[in-house]
Amino acid sequence: MNTLLLIKEIYLNGFRNLGHFLVKRYFKIFAWFSFAMFLVVLYAFTYRLATGFPFD
C-alpha cells in the first residue's frame, strides 16, 4: 500500500506547476496511454510464456 501511495505522489508531483492547460492535459493523456501500452506488452509477453512460445 505504501508503494501505491508513493507512485500516486510521484504522479501528482510530476504534473504540478506544468503551466498551460493544454500542455498539462497532453502529458496526462500521454502518461496514461504509455501505461496502457505497457500493460498490453506485459499481457502479450505473459500470454506467450503461458502458451509455450519458443523464444529462439
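The expected span of a helix is 1.5 Å times one less than its number of residues. In this predicted model, that rule can be applied to helix α1, which covers residues 2–14. Its 13 residues should span 18 Å, and because the end C-alpha atoms are indeed 18 Å apart, the expected and computed values agree. Helix α1 is also hardly covered, since the count of buried residues among its 13 residues is 0.

The view may now be widened to the whole protein chain. Its secondary structure comes to 2 helices and 0 strands. The radius of gyration is 17 Å, whereas the globule rule gives 10 Å for 56 residues; the chain is therefore more spread out than a compact globule. Along the principal axes, the C-alpha atoms fill a box of roughly 50 × 30 × 15 Å.

The surface of the chain can be described in similar terms. Of the 56 residues, 2% are buried. The chain exposes about 5400 Å², and carbon and sulfur atoms supply 73% of that area.

One part of this surface is a nonpolar patch of about 750 Å². The patch is made by Leu18, Val23, Tyr26, Phe27, Phe30, Phe33, Met37 and Val40. Phe27, one of these residues, has its place in helix α2, which comprises residues 21–50. The relative accessibility of Phe27 is 38%, so this residue counts as partly exposed; that class lies between buried, under 20%, and exposed, over 50%. As a general matter, an α-helix has 3.6 residues a turn, so residues three or four places apart point the same way.

How values were computed:
Residues numbered from 1 in each chain as written. Predicted model: local features only at pLDDT ≥ 70, side-chain atom pairs only at ≥ 80, totals over all residues. Heavy atoms only, no water. Patch = residues over 30% accessible without salt bridge, like charges linked within 9 Å, V, L, I, M, F, W, Y side chains within 5 Å. Areas by Shrake-Rupley, 256 points an atom, 1.4 Å probe, with all protein chains shown as cover. Salt bridge = Lys/Arg side-chain N within 4 Å of Asp/Glu carboxyl O. Helix = DSSP H or I, 4+ residues; strand = E, 2+ residues; numbered from the N terminus. Buried < 20%, exposed > 50% of the residue type's maximum accessible area, 1.4 Å probe, protein only. Rg over C-alpha atoms; globule rule 2.2 N^0.38 Å.
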